[in-house]
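Subject: Structure for you to look at

Dear colleague,

I am handing over the structure we spoke about, and I would be grateful if you could look through it with the notes below at hand.

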Amino acid sequence: MKKKLLFLIAFLFVSISCIYADIEVEREVGPLKKGDFIYDSSYKVRFYDKEDYYIGTIKIKSIGDIKYTYEVPLFAMELDPSLEGDVQFIQMLVTDFAFKNDEIITIKAGGIHVFEFNINTYEVKCTSDKSRIFKYDVKTRKGICNPKGRDAKVKQLFESDLKEIIEKDTRLKYTRTQPEKKKLVKVEDVIAVAETALFSIYGEANIKKQMPYKISRYKNKWYIHGSLPEGWLGGVFEIVIDAETSQIESYIHGE
């Protein structure tokens, strides 16, 4: 418990509104704009299975007619709670962030680890290391690759906070007519399914005022919820959709 407290204190140099919040970091790289989208780097803290991590992500923000945000995990760094958190955190900050070509963004973290992100498929590759799992090395004072790390674990860590949300029993099950069955890969298709259902229940104007939509994914579930302008009070919608079948599993709207 004492070690955990010391670890949390070490993170006071950043702004964290809750356990799973973004970490705001001053930097000179990014964001990038292409078409109706803005791409930026972001960071999140995860406390998972008695281990501490921070996750580097790509944040995608739509600035077109349908406004939403969606994040894709780049890497995960396991932190040593016995060491100062800020020292470890800084070793994996993004130092370069630029378009390689029309569809690939190249990201360099810690000055040595290179990742490529495909803006069309959301695929992430680490081109400089054997995995996307890292640990802080005391001798070199750098984040080093764990060659035995599995890229799948990065996604698992990133999605861990969604499990409880999606599996809540208090949600109102969707009993209305379901959309045509199809696999939902693109975010825009997910939004189309969600809006069709939500417009008919709560009204188009009410749902659209909750843009930008916040979109996440846990395994084969898409989770979308609304947002309200800063300072506004009230609830927002939440909806869970099966990615394999496009069937709506549950929805709710806060007061």
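The notes that follow go from the overall make-up to strands, aromatic rings, cysteines and backbone.

Please keep in mind throughout that this is a predicted model. The protein has six helices and 15 strands, and buried residues make up 45% of its 255 residues. Among the contacts with a separation of 6 or more, 51% are accounted for by residues 24 or more positions apart.

Strands and their pairing

One open sheet is built from four strands in the order E5-E6-E7-E8, with antiparallel pairing. Its edge strands, each pairing on one side only, are E5, which covers 94-99, and E8, which covers 124-126. On average, and with direction ignored, neighbouring strands of this sheet are turned by 20° against each other. Within the sheet, E5 and strand E6 (residues 104-109) are joined in the antiparallel sense over five bridges, and in this pairing Asp96 stands opposite Lys108 of E6.

Further along the chain, strand E15 (residues 248-253) pairs in the antiparallel sense with strand E11 (residues 172-173) over two bridges, where Lys173 is found opposite Ser250 in E15. E15 also pairs with strand E14 (residues 237-242), again in the antiparallel sense, over five bridges, and here Glu238 has Ile252 in E15 as its bridge partner. E14 and E15 form a hairpin with five residues between them, and Ser246 in the turn has a positive phi of about 70°; I return to this residue below.

Aromatic rings

The structure holds 16 aromatic pairs. One of them is formed by Tyr54 and Phe75, which are edge-to-face, with 6.1 Å centre to centre and 80° between the planes. This pair links distant parts of the chain, since Tyr54 is in strand E3 (residues 51-62) and Phe75 is in strand E4 (residues 68-79), 21 residues apart. Both partners count as buried, Tyr54 at 0% relative accessibility and Phe75 at 1%.

A further pair is that of Tyr70 and Tyr122, whose ring centres are 5.4 Å apart and whose planes are at 50°, so this pair is tilted. It, too, links distant parts of the chain, with Tyr70 in strand E4 and Tyr122 in the loop between strand E7 (113-118) and E8, 52 residues apart. Tyr70 is buried, with a relative accessible area of 10%.

Tyr54 and Phe75 also belong to one aromatic cluster, which they form together with Tyr43, Phe89, Phe115 and Phe134. In addition, there is a charge placed over a ring, as Lys34 lies over the face of Phe99 at 5.6 Å from the ring centre.

Cysteines

Why does the count of disulfides come to zero? A disulfide needs two cysteine sulfur atoms within 2.5 Å, whereas the sulfur of Cys126 is 6.3 Å from the closest cysteine sulfur, that of Cys145, and this is too far for a bond. Seen from the other side, the cysteine sulfur closest to that of Cys145 is the one in Cys126, at the 6.3 Å already given. Both cysteines count as buried, Cys126 at 16% relative accessibility and Cys145 at 19%.

Backbone points to check

Most residues other than glycine have a negative phi, and most peptide bonds are trans, and you may therefore wish to look at three places.

- The peptide bond from Met211 to Pro212 is cis, with omega near 0°, and Pro212 is found in the loop between helix H6 (204-208) and strand E12 (213-218).
- Arg141, although it is not a glycine, has a positive phi of about 55°; Arg141 lies in the loop between strand E9 (133-137) and strand E10 (142-145) and is exposed, with a relative accessible area of 60%.
- Ser246, which is likewise not a glycine, has a positive phi near 70°; Ser246 lies in the loop between E14 and E15 and counts as buried at 1% relative accessibility.

With best regards

Definitions and conventions:
Residues numbered from 1 in each chain as written. Predicted model: local features only at pLDDT ≥ 70, side-chain atom pairs only at ≥ 80, totals over all residues. Heavy atoms only, no water. Pairing = 2+ DSSP bridges. Axes fitted to C-alpha atoms, helices over the stretch in contact; angles between N-to-C directions. Buried < 20%, exposed > 50% of the residue type's maximum accessible area, 1.4 Å probe, protein only. Phe/Tyr/Trp six-rings, centres within 6.5 Å; stacked < 30°, edge-to-face > 60°. Lys NZ or Arg CZ within 6 Å of the ring centre and 35° of its normal. Contact = heavy atoms within 4.5 Å.
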